[in-house]
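Welcome! Here is a short guided tour to read beside the structure. Take a look first, and then we will go through it topic by topic.

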Amino acid sequence: MAADTDILKIENLNIWFQMRQGFLKDVISKKLRYAKAVDGISFNIKKGEIFCLVGESGCGKTTTGKGILRLVEPTSGSIIFADEESDPVIKKLLHLAGEKSRKREGTAVVEMEGRRGIDIRKLTKSEMIYARQRIQMIFQDPYESLNPKMTIFDIIAEPLIVNKLSKDEKDKEARVRKALNDAGLRPPEFYMWRYPHQVSGGQRQRVGIAGALVLSPSLLVADEPISMLDVSIRGEILKLMLDLREKKRLSYLFITHDLSVAYVFSDRIGVMYLGRIVEMGPTEMVIKNPKHPYTQALITVVPKPDPTAKEEKIILKGERPDPTNIPPGCRFHPRCPYIMTLCSLDQPAETEAEIGHWAACYLLTPDLVIKWNTENLPKYEKIAADVEKKNIAEIARLKKELEALKSATGKKDTIYAIKATEKNIEKLDTEMAKAKAFVEKMKAEIVTMKSKLPSASRPQSS
Amino acid sequence: MAMLEVTDLRTYFTTMEGTVQAVDGVSFTVEEGEAMGLAGESGCGKTTAALSIMRLLPSNGYIKTGKIIFNGKNIVTLNAPKLRKTRWKEMSIIFQGAMNALNPVKRVGDQITEPIMLHENVSEAAAIKRTKELFELVGISPDRINEYPHEFSGGMRQRVMIAMALACWPKLIIADEPTTALDVMIQAQILRLLKNLQKELSLGFIMISHDLSVLAETCEKLCIMYAGKIVENGTSIHVFKNPRHPYTRGLVAAFPNIKGVKFMPEPIPGNPPNLIHPPKGCRFYERCKYKIDSCNETEPPLFEIEPGHFVACHLVQKGVI
């Protein structure tokens, strides 16, 4: 198999959770509300690659990882897993997936680039067991993910029992030993019969990794595997994961909130915001030359172990928005420091900034913004003019009324009436100013975007 | 004279297996308006040191020896009523988990007015007024004082905790991992808030964290703790630019810098020693890659390597590393 073939390809994946609105509303209302945890993301992982999803908590990165293993059920989209066909498990899976089943339409086998892949989303429950032998997950918290009442041997042997993979006790023990060895818990007999509480945090995470390795997977979904560990042992676990990649040609989907870890560990990064990937590319490019304002802000706020670093931090206001109520247009626009008119109206397309590095932001397409703004400027100018005309007439009328009221002073209710009319005039004034400012802003955007056009960087008159 | 002066503090815990020497001979000072960071791995005694200063130790913990001189008073020997007057009024603490540190069945405003009314002879109306001011100071809308903790997000709850710590305008604030459970963006917001407040009110500030990079950005002075002892002590520039103790070197190398060169965080192999039977010599001996046999015999004292920069290592003292 060539080095740069995809092992996993995700296209337009959606994972929505239905919101409960109360029994009657759920039954009667036609419009269901969803929390769109993952909302149309696409990416691929190459064989032997470490792809990293980063983002704040609640951006959908863990849901994506779980969706790949169908630990949560994806709403739509495709998750295509294409491993070496010589592998007996994949062979069996391709055979099963190619067959018709009452539980799915058509087949789950997908042709891609001359190879056959399996659409995980279309597999039945019994077929999923085979897929999970090759895609495994490492969980975040080694203090919670290990059953305290089971010995380490039992924890690691469990997947073998579930998948009916061990021929006899001897074979089972040999496999567990091998997994422990691979995970760096040597000698295995020293750890095998202990309980989780008898080993340290770093060793617990190694047990978690051994539990994933025992089925000899080819893709590992690692969900924040080091964030619960002490700093002095984080490096050990990262090194172990790198070693395993070298030895076993493992691919990783590495999920983390820590950009500095993503920077040193991964080959490619996808930055997620509110269920979408906003920027993706090779790690070096994304970190050293971020294009999306969200990525730029995230990088400045990562604490740096350097007391002399004097860098302006871009601290975004507010907390992360709510996935049940996604803002229209670019979903980052309410917090974006560079917000433009177009941003709140239409979703920006993924624009390539460098080879293999794209971001979804209008700042990368100044020509598009200029075109849209120039096209729509007359429309908004007309609206502003209309508002102005109408409001000036209205204000004139109200002012007359005001004078009439003022001349007839004395009564108590006229004081209130005067106040109300004054307020109305003020309201109309601000409305006018707003409309004007809107047009001015659009004009200003054209000017700033023109300076960003590649041709503008050359001096035009000298 | 320094505002807080801790000398040779030893805090032990009685457990079934024996006496845990969690903090064993720690000394440091905090001046007024100075921010000091206390760093180390989990279990190194940094939280215990903080709790000793507040005298908030659990029932099986006790201060064996040592002095904690705060504003001329020795905290260790204060009796309970005097201690109550010192806490909150003169020094206060921000706890780690804002989720658990707030009472879920009481309105947040009430939880702040309560200490104000207890410590200062003011009416409820005055206390509520001050609570509103505090809320404004930490960046929460004062209208929210009647809400319950569950109505706040994690970052907002941490702001409430900060407001609560400031309630009686103390001169010293101890923050125990104030941003550990928060997102990076919220962490940056809270750190900026803490730093601004510390400067504006010229507070003495002790920040405890396992995350050296957070301390690098907020503190002028750093103490690195390992297994109940301070192994290195100096300004943050000393510690980051010229780390001398092998443990500090390892710790600094364990933090990748997103703005710097790409390198894999270097692990420090091994585990901290058991503090029931701590080793006789250097406590880092087991994990140290420079160790020589004599390190295991005597305990290294803190040694001033350059003005204001102390290191506890035999090899550094001898000039070997």
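Let's begin with one pair of residues: B:Ser92 stands opposite B:Ile173, which belongs to strand E7 of chain B. The model is a predicted one, so please read every value below as computed from it. From this pair we move out to the sheet around it, then to the domains, the contact between chains, the core and a hairpin in chain A.

**The sheet in chain B**
- Strand E7 of chain B covers residues 172-176, and 4 bridges join it to E6(B), with the two strands running parallel.
- These strands belong to an open sheet of 8 strands in chain B, ordered E6-E7-E8-E3-E9-E10-E12-E11, and its pairing is mixed.
- At the edges sit strand E6 (91-94) and strand E11 (303-306) of chain B, each of which pairs on one side only.
- From one strand to the next, the twist averages 20 degrees.

**Helices on that sheet**
- Helix H1 of chain B (residues 46-54) packs on the sheet, where it touches strand E3 (35-39), E6, E7, strand E8 (204-209) and strand E9 (221-226) of chain B.
- The direction of H1(B) makes about 150 degrees with that of E7(B).
- Helix H6 of chain B (residues 154-165) lies across E6 and E7 of chain B, and it runs at about 170 degrees to E6(B).

**Domains of chain B**
- Chain B is divided into domain 1, made of 4-90 + 170-318, and domain 2, which spans 98-169.
- Their C-alpha centres are 29 Å apart.
- Where the two domains of chain B meet, domain 1 gives 12 residues and domain 2 gives 12 residues.
- H7(B) provides 5 residues, the largest share of the domain 1 side of this contact in chain B.
- That domain 1 side of chain B has 10 nonpolar, 1 polar and 1 charged residues.

**Where chains A and B meet**
- Chain B contributes 38 residues to the contact and chain A contributes 34 residues.
- On the chain B side, helix H7 (184-200), helix H8 (212-218), helix H9 (236-241) and helix H10 (246-253) each supply at least two residues.
- H7(B) has the largest share of the chain B side, with 6 residues.
- Sorted by class, the chain B side that touches chain A has 20 nonpolar, 10 polar and 8 charged residues.

**The largest nonpolar core**
- This core holds 200 residues, and the members that touch the most others are A:Ile118, A:Ala210, B:Ala163 and B:Ile224.
- Beyond its neighbours within four places in sequence, B:Ile224 is in contact with several residues, including B:Ala39, B:Val231, B:His245, B:Tyr247 and B:Leu251.

**Domains and a hairpin in chain A**
- Chain A is assigned domain 1 (6-257), domain 2 (279-364) and domain 3 (366-457).
- Between the C-alpha centres of domain 1 and domain 3 of chain A, the distance is 56 Å.
- Strand E10 (residues 268-273) of chain A is joined by 6 bridges to E11(A), and the two run antiparallel.
- E10(A) and E11(A) form a hairpin with 2 residues between them, and A:Leu274 in the turn has a positive phi of about 50 degrees.
- A:Tyr273 stands opposite A:Arg276 of E11(A).
- Strand E11 of chain A (residues 276-282) is mostly covered, with 6 of its 7 residues buried.
- E11(A) also pairs with strand E13 (residues 357-360) of chain A, in the antiparallel sense over 2 bridges.
- In that second pairing, A:Glu279 stands opposite A:Ala359 of E13(A).

Methods: Residues numbered from 1 in each chain as written. Chains lettered and ligands numbered in written order. Predicted model: local features only at pLDDT ≥ 70, side-chain atom pairs only at ≥ 80, totals over all residues. Core = buried A, V, L, I, M, F, W, Y, C linked by C-beta atoms within 7 Å. Buried ≥ 20, exposed ≤ 12 C-beta atoms within 10 Å, placed from the backbone. Contact = placed C-beta atoms within 7 Å. Domains from an automatic or database assignment. Helix = DSSP H or I, 4+ residues; strand = E, 2+ residues; numbered from the N terminus. Nonpolar A, V, L, I, M, F, W, Y, C, P; charged D, E, K, R; others polar. Pairing = 2+ DSSP bridges. Axes fitted to C-alpha atoms, helices over the stretch in contact; angles between N-to-C directions.
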